[in-house]
Amino acid sequence: MTAPRGLFSYRPYWAQRFGIAPFLPTTRAEMDELGWDGCDVILVTGDAYIDHPSFGMALIGRLLEAHGFRVGILDQPDWRSPRRVSADDDDRRAEGDPFRALGRPALFWGVTAGNMDSMVNRYTSDRRIRRDDAYSPDGAPGLRPDRAVTVYARRCREAFADAPLVIGGIEASLRRIAHYDYWSDEVRRSVLIDTGADLLVYGNAERAIVEIAHRLAAGAAITDIRDVRGTAFASTGAGRAGFVEIDSTAIDRPGRIERPPDPYAMAEERQAAPCSTGGAAAPERADRLVRLSPRRVDRAAQVIRMPSFEQVSADPALYAHASRILHLESNPGNARALVQRHERAGSRKIRGSRGDPGAEPPDVRSSRSVRSCVRSDPS
Ligand code: B12
């Protein structure tokens, strides 16, 4: 693996001349005060804008600002507001549409549900509606939609269809491949398909978002950005040349699903449980262990094909297998790119960025001391 590029080794974007904003603008009037005629990046978030690094939109926004980009924020925009019906309606609707309030982002939309998944934010684990929302002014509930990243992404597309769309944050990150959704009790397809986003940045986004912003600013098309670590995208194209595709069953063998042991069981029952190390079941389990291949291979040029969305939806053993692969391939030091077919979505494939899988934590030292690296990377 090559060392990641220094986070501040880029030449700042020309708009750096505007200096540091007291707050990132959330309205056109605030943009005018700063002397901006437009935003380079507009972040849309389900949380109220708090200018503090424990909030993703502030952290990502201020980081991009430090790179010279003009960043606007649409925090908790009204997603039920009037929509654009046809091109003729553009001007009349523009005024009332919160998603057009800051104009078209010159470089890209950055959409996040906020610090938490919007379903976790709104419902308790009993599926009851929470009385408050810790990330809204005065704890007011109801200021964000369910499945916020999908709803916001669609509204951004309606407002300015041609602006590149990048999604990130925890809701997008944990839903990047086919995933079990507790709320609807079904396996859902990748959020990339539902949102129609061009790129999904998962885990810690600092390095990826800075790289994406500079590449777009230099004139790259978003559809050509296919090699940034920690990103995923939907594609109909063939695999990239020079990469070797490996079937995921070469890394982990799908096995029988065993009933989870009952933590309240009596001692004898616990002994008989499948995970007991004392029982006679041990030799039988040995052949179900993950087999590691001793061959020396260039991991950076490998892409692992996982069972498709349709397969993991239909077979819990394959779902468990795909989930293990996702977690096995999640360490930024050795993670490989992943690919998963979604037939029902027009045979699109969800790919992790090939060749450079797994986002590097922004800075290993601070990342280790401040928060777990584990969330920083899954590929
Ligand atoms: C601190 C914290 C809290 C604090 C919040 C304090 C505060 N006011 O901020 C407290 C203790 C109050 C709390 C409470 C709860 N929490 Co909490 N909390 C955390 C924790 C440890 C850190 C969150 C944080 O500050 N992150 C800092 C921001 C900057 O990081 P970030 O959001 O991940 O942003 C990065 C990326 O997501 C991405 N990104 C972010 N925005 C964007 C935007 C774009 C465009 C892009 C591309 C990328 C991007 O880049 C960022 C920088 O790398 C996380 C675990 C973790 N390690 O992340 C859990 C976590 C968020 N909490 C969680 C939960 C479940 C809860 C509770 C519901 C628990 C409960 N049962 O009561 C409550 C919420 C109550 C409520 N009513 O809302 C879960 C959420 C699970 C989920 N799927 O959403 C987490 C993930 C822990 C876990 N693993 O289970 N929590």
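Is the crossing of α2 and α8 left-handed or right-handed? I would like to work towards that, and I should say at the outset that what we have here is a predicted model, in which the mean pLDDT of the chain is 84 and 79% of the residues reach 70 or more.

Let me start with the two helices themselves. Helix α2, which covers residues 56-66, packs against helix α8, residues 206-217, at an angle of about 45°, and their axes lie 10 Å apart. That angle makes α2 oblique to α8, and the answer to my opening question is that their crossing is right-handed. On the α2 side the contact involves Ile60, Leu63 and Leu64, which meet Glu206, Ile209, Val210 and Ala213 in α8. Sorted by character, the residues of this contact are six nonpolar and one charged, with no polar ones.

Both helices return when we turn to the ligand, because α2 and α8 each supply at least two residues of the shell around it, as do β3 (108-112), α4 (118-122), β4 (165-168) and α6 (169-173). The greatest share comes from α2, with four residues. In total 29 residues surround the ligand, and the closest are Gly56, Gly110, Asp117, Ala134 and Gly168. By character, that shell divides into 14 nonpolar, 10 polar and five charged residues.

Finally, a word on where to be careful. Over residues 276-286 the pLDDT stays under 50, and the model has seven contacts beyond four places in sequence for that stretch. Over residues 354-358 the pLDDT also stays under 50, although here the model has 29 such contacts.

Terms used. Residues are numbered from 1 along each chain as its sequence is written. This is a predicted model: local features need pLDDT of at least 70, side-chain atom pairs count only at pLDDT 80 or more; totals for chains, interfaces and linings use all residues. pLDDT is the predictor's confidence in each residue, from 0 to 100. Two residues are in contact if their C-beta atoms, placed from the backbone, lie within 7 Å. Axes are lines fitted to C-alpha atoms, for helices over the stretch in contact, and angles run from 0 to 180 degrees between N-to-C directions. Angles under 35 degrees count as roughly parallel, over 145 as roughly antiparallel, 65 to 115 as roughly perpendicular and the rest as oblique. A crossing is left-handed if the near helix is turned anticlockwise from the far one by less than a right angle, and right-handed if clockwise. Ala, Val, Leu, Ile, Met, Phe, Trp, Tyr, Cys and Pro count as nonpolar, Asp, Glu, Lys and Arg as charged, and the others, Gly among them, as polar. A residue is near a molecule or strand if its C-beta atom, placed from the backbone, lies within 6 Å of it.
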